[in-house]
Amino acid sequence: MSKTEHAPETPATRFLKAHRIAFSNHLYAYEEHGGTRVSARELNVDEHAVVKTLVFEDENARPLIVLMHGDCKVSTKELARQIGCKKVEPCKPEVANRHTGYLVGGTSPFGTKKAMPIYLEKSILDLPLIYINGGRRGYLVGVHPHDIVRALNPQTVAAALKG
């Protein structure tokens, strides 16, 4: 992607602007199934600071979002226990797309089509700056983690497994 390419306008960037949240734009060459490893490499940042937006559902098929470090996995057992569910599992990509309005690989927690509970891995708050999807594949925004708390009011959890 060329450096001259302008950052896209997405539901996520409209949400951030509406909530007066400062963010930086980071475009990179998206690779199918590359995940946060590729975006961290392309942006030359620590994968731990790249936060993935994961769409899960509980035992009643109610959707929820989990924000997790790029270099970690979610312990579904621990997450379910902490949020008071019997079980949680990742949504199928087409179901996640329907709930969020974003394509998997471009899912942002900002400006989702449907309001869903959001859970944030609490150690993300220890980082000075995070990179999170801006609503399109190959596009991350840099934001202060405390701005996410202010805008999304997530519940913090401790469900990270080192990837």
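**Salt bridges and a buried helix face**

At 35% and 42% relative accessibility lie two partners of opposite charge: lysine 87, at 42%, counts as partly exposed, and glutamate 89, at 35%, is likewise classed as partly exposed. The side chains of these residues, glutamate 89 and lysine 87, meet in a salt bridge with an N to O distance of 3.5 Å. In this predicted model, a search of the whole structure finds 10 salt bridges. Side chains of opposite charge can pair when their charged atoms come close.

Two further salt bridges lie within helices. In helix H3 (residues 76-83), arginine 81 and glutamate 78 are three residues apart, about one turn of the helix. The closest N and O atoms of this pair, arginine 81 and glutamate 78, are 2.5 Å apart. Arginine 81 is exposed, with a relative accessible area of 58%, whereas glutamate 78 is partly exposed at 25%.

In helix H5, aspartate 147 and arginine 150 are also three residues apart, about one turn of the helix. Their side chains form a salt bridge of 3.3 Å, N to O. Aspartate 147 counts as buried at 19% relative accessibility, while arginine 150 is exposed at 51%. Elsewhere, Glu9, Arg14 and Lys17 are joined into one network by salt bridges that share partners.

Helix H1 (residues 11-18) contains the buried residues Ala12, Thr13, Phe15 and Leu16. Seen down the axis of H1, the buried residues fall within an arc of 155°, and therefore line one face of the helix. The elements that cover them include strand S7 (130-136), strand S8 (139-143) and helix H5 (145-152). After H1 comes arginine 20, whose phi is positive, near 55°.

Technical notes: Residues numbered from 1 in each chain as written. Predicted model: local features only at pLDDT ≥ 70, side-chain atom pairs only at ≥ 80, totals over all residues. Heavy atoms only, no water. Buried < 20%, exposed > 50% of the residue type's maximum accessible area, 1.4 Å probe, protein only. Helix = DSSP H or I, 4+ residues; strand = E, 2+ residues; numbered from the N terminus. Arc of directions from axis to C-beta. Contact = heavy atoms within 4.5 Å. Salt bridge = Lys/Arg side-chain N within 4 Å of Asp/Glu carboxyl O.
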